[in-house]
Amino acid sequence: MKRIGVLTSGGDAPGMNAAVRAVVRTGLHEEWQVFGIRRGYEGLISGEMIPLSARDVGGIMQQGGTMLGTARCPEFETGQGQQKALGACERTDIDALVVIGGGGSQCGAYALAQTGFPVVGVASTIDNDVYGTEVSIGVDTALNIALEAIDRLKVTASSLKRAFLVEVMGRKCGYLALMAGIAGGAEVIVIPEFETDPEEVATELRAAYERGKAHALVVVAEGCRYNAERMTAFFQENRERLGFQLRVTTLGHVQRGGVPTAFDRLLATRLGSAATDALARGAHGVMMGLQRGEIAATPLADVASKQKQLDESLLKLSGVLAA
Ligand code: ADP
Ligand code: F6P
C-alpha cells in the first residue's frame, strides 16, 4: 500500500479544503493511506502528520481557509530544513507528497522533487501569480469579494460625487486589481507590471469628472510603488492644487477569508484529484493547473523558474471602457 501526505502552504486560499478532500478521497479510492500534514512545511519538518479518513474531510468543502492549517516556513528554504522534512517522511513511511499552495510553496515542492522524492503540486493562491496555470485556487472567490466591495463603494461615491481608491491584494502581481477593476468599472487601474504615476492618476480622475461621471474610482494593487498609502499621501499633499481628495479603502485579508465559490470548489476538486491520479500513474515533479480550460501538468522546474505574464491588452481595454 502507498502512503501519501498532503499539505497546504503559504497564504490560505478559499478552495484549499476542497483540494485536500479530493486528494484524500482519490487516494483512498486507490486504497492508499493518506496523511494530512499540519501547517505546511513547518509540520512536514516536525513530522506533524495525521491519517485522514473519508469522514475526516466531510463538510470542509464549503469552508474557506484550510483544515490542515498553513504556514510560511523560512527554515524549509534551507537545505537543512529540506533534509529534516525528508527525514520525517522516511520515519513515517510517507512515500509521496501533494503540495497545495502558491508560487513559493511550489518552489519548495521543486526543492524536494530535485532530491528524487515524488511530489506533485496544486496551484493555490489568491494572487494568481503561479506559472503553469491560467487561474489558481482561490482567485475567483477573492475576486468576487473585491468586486462586491468595489460595487458598494461606487454606490456611495456616486451619491456624493467622490473619488475613491481601493487597494486589493496580490503581492507583486496585478491580476486581482486588473480583473476587479475591469469587472467593477474602475476609472483607473494601477498595477505593478505597468505602473501609473500619481500625477497621471489625478489627470484621469479629473477627466472622468469632466466627462460627467458622478464617481471616480481607482483600483490599485498592493504591490505598486504607489500603493494606497503612498497614493493617498500624494493626494493629501497636493490637495489644494488637484481640487479633490481620495477616500481610501484597503481590503487586505478580507479577500482571503471568503466561502469558496462554485468555480473554486470545482477547480480545487479537479486539481486535487488530478494530482493524486498523477502519483497513481507514477508521474511526479509536476504541478497541476488549468490551461485552456483543461487540467494540465507543468514541470515544477518551470513553475519555479518562469514568470507568469499578465495580459497587457486587458489594461488597455480597461482604459477604453472607462470612457
Ligand atoms: P505562497 O506559496 O502562497 O506563494 P510563500 O511565498 O510565503 O507563499 O511560500 C510558502 C512557503 O514555501 C515558504 O514559507 C517556504 O517554506 C516555502 N518556500 C518558498 N520559496 C521557497 C524556495 N525558494 N525554496 C524552498 N522553499 C520555499
Ligand atoms: O499570497 C497571498 C497573500 O494574501 C498576498 O496577496 C499578500 O501580499 C500576502 O499573502 C499577505 O501575507 P500575510 O497573510 O502573511 O500577511
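Which backbone atom of glycine 102 lies 3.1 Å from ligand 1, and what kind of ligand atom does it face? In this predicted model, a backbone N or O atom of glycine 102 lies at that distance from an oxygen atom of ligand 1.

## Contacts with the ligand

Besides glycine 102, two other residues can be described through a polar atom of their own and an oxygen atom of ligand 1: for cysteine 73 a polar backbone atom is 2.6 Å from the ligand oxygen, while for arginine 72 a polar side-chain atom lies 2.9 Å from a ligand oxygen. Of the 560 Å² of accessible area that ligand 1 has on its own, the protein covers 83%.

## The shell around the ligand

There are 16 residues around ligand 1, and those that come nearest are Arg72, Cys73, Gly104, Ser105 and Arg171. When the residues of this shell are divided by character, nine are polar, four are nonpolar and three are charged. Helix H4, which spans residues 103–114, gives the most to the shell, contributing five residues.

## The pocket

Ligand 1 sits in the largest pocket, whose volume is about 510 Å³. This pocket is lined by 27 residues, and Gly10, Gly11, Arg72, Gly104 and Arg171 are the ones that lie nearest its centre.

The lining of the largest pocket divides into 11 polar, nine nonpolar and seven charged residues. Helix H4 gives the most to this lining, with six residues, just as H4 gives the most to the shell around ligand 1.

Technical notes:
Residues are numbered from 1 along each chain as its sequence is written. Chains are lettered from A and ligands numbered from 1 in the order in which they are written. This is a predicted model: local features need pLDDT of at least 70, side-chain atom pairs count only at pLDDT 80 or more; totals for chains, interfaces and linings use all residues. Side-chain values use heavy atoms; hydrogens and water are left out. A residue is near a molecule or strand if one of its heavy atoms lies within 4 Å of it. A polar contact is a pair of N or O atoms within 3.5 Å; within protein, one must be able to donate a hydrogen and the other to accept it, and residues adjacent in sequence count only if both atoms are side-chain atoms. Accessible areas come from the Shrake-Rupley method with a 1.4 Å probe; for residues, only the protein chains shown count as cover. On a 1 Å grid over the protein atoms alone, a cavity is a set of points where a 1.4 Å probe fits but cannot get out, and a pocket is an open set with protein on both sides within 12 Å along at least five of seven lines; lining residues have an atom within 4 Å of a point. A molecule sits in a cavity or pocket if more than half of its atoms lie within 2 Å of its grid points. Helices (H or I, at least four residues) and strands (E, at least two) are DSSP runs, numbered from the N terminus. Ala, Val, Leu, Ile, Met, Phe, Trp, Tyr, Cys and Pro count as nonpolar, Asp, Glu, Lys and Arg as charged, and the others, Gly among them, as polar. Grid points are joined across faces, edges and corners, and a volume is the space filled by probe spheres set on the points.
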